[in-house]
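Dear colleague,

I am handing over the model we discussed, with a short account of what was found in it. Please read the notes below with the structure open beside you.

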Amino acid sequence: MGTSGAELSTKIFVAGHRGMVGSAIVRNLQSKGFTNIVTRIRAELDLTDQHAVQDFFKREKPQQVYLAAAKVGGINANNLFRAQFLYENLMIEANVIHAAWSNQVNKLLFLGSSCIYPKMATQPLVEDSLLTGPLEPTNEPYAVAKIAGIKLCETYRHQYGANFICAMPTNLYGPGDNYDLKTSHVLPALLRKIHFAKIHGHPSVPMWGTGLPKREFLHVDDLAEACVHLMDTYNGEKWVNVGTGEDLSIKSLAEMICDIVGYSGELDWDASMPDGTPRKLMNIERIKALGWKARIGLREGIEGVYAEVKESLT
Ligand code: GFB
């Protein structure tokens, strides 16, 4: 293995293994032959409970931690459940990062989000644009929590020498996504809505916003590969953007999904729903220089996901 010295028997805690990101990391580690992966469902370990997290780390003594546990959601969930997005994410990060340090974890990878960058930051978003301007209001609580997570890793590194690193993924999709239309991200929402309109013969599909904002989408299996690669090879203080380097408008995404699903009706835009950030394309020079790039093209990735979930979408 690489510079982090991970052997296949390294005891690895994947926090959030039931989520889309955590489950992809577990799949990736298993495919590489890692044999000592520790996971806990929420009923066994509530990550917002400081004492429970401390007890767990004391008992299990993991050597590495992937911190993929988080309260996440699309623009509507972020906007509505503002207190929960701030409180739960702060608690999870503070508890896990502190317990990892106080129980001598060798290395931890914290997962953030592209929404940490200012709403009007220059595109593509470079890592150094953090805290240079105001955040997008719809997801400010989530972004503030994720920025706090980065700062925890940075300060535990400075004060205690902890090897805690951070990855900042762009918008993600893939197996295990959330298809609840009230709380989901845009890509699964569009797959479900457009599929529904097709099978019920509806002439149009209700869409939120103007369709003009641009987003970058990364398949979660590509992200998992990036995380395992960073854990293996990267020991830097600076957080690392993870994306494809390409974006498209929400309207173009919707048209691509109509094409994949085989739907030829209209898109009915509801401008009373929020657009969110106009654009958040990642600058991915840093991770490219570290030897990683995305492999799954957007169309191919959506086709794969659609084939998997099609039967269950109603
Ligand atoms: O993935 P999403 O919900 O969140 O995408 P963000 C929102 C964009 O898609 C907005 C449009 O421009 C919406 O107007 N959109 C159109 C829809 N139709 C729909 C729909 O049916 N559902 C949804 N959800 N959107 C999230 C943040 O921002 O990005 C999180 O809230 C996180 O904090 C995540 O950072 C990566 O991309 O705007």
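Met-168 has Asn-241 of strand 10 as its bridge partner, and strand 5 (residues 164-169) is joined to strand 10 by three bridges, the two strands running parallel. Here strands are DSSP runs of E of at least two residues and helices are runs of H or I of at least four, numbered from the N terminus. This is a predicted model, in which local features need pLDDT of at least 70 and side-chain atom pairs count only at pLDDT 80 or more, while totals for chains, interfaces and linings use all residues. Residues are numbered from 1 along each chain as its sequence is written, and side-chain values use heavy atoms, with hydrogens and water left out.

Strands 5 and 10 belong to an open sheet of six strands in the order 2-1-3-4-5-10, with parallel pairing, where two strands pair if DSSP finds at least two bridges between them. Strand 2 (37-38) and strand 10 (240-242) stand at the edges with a single partner strand each, so one side of each is left without a neighbour in the sheet.

As for the chain as a whole, the protein has 10 helices and 12 strands, and its C-alpha atoms fill a box of roughly 60 × 40 × 40 Å along the principal axes. Its radius of gyration, taken over C-alpha atoms, is 19 Å, which agrees with the value near 20 Å for a compact globule of 314 residues, the globule rule being 2.2 Å times the number of residues to the power 0.38.

With best wishes
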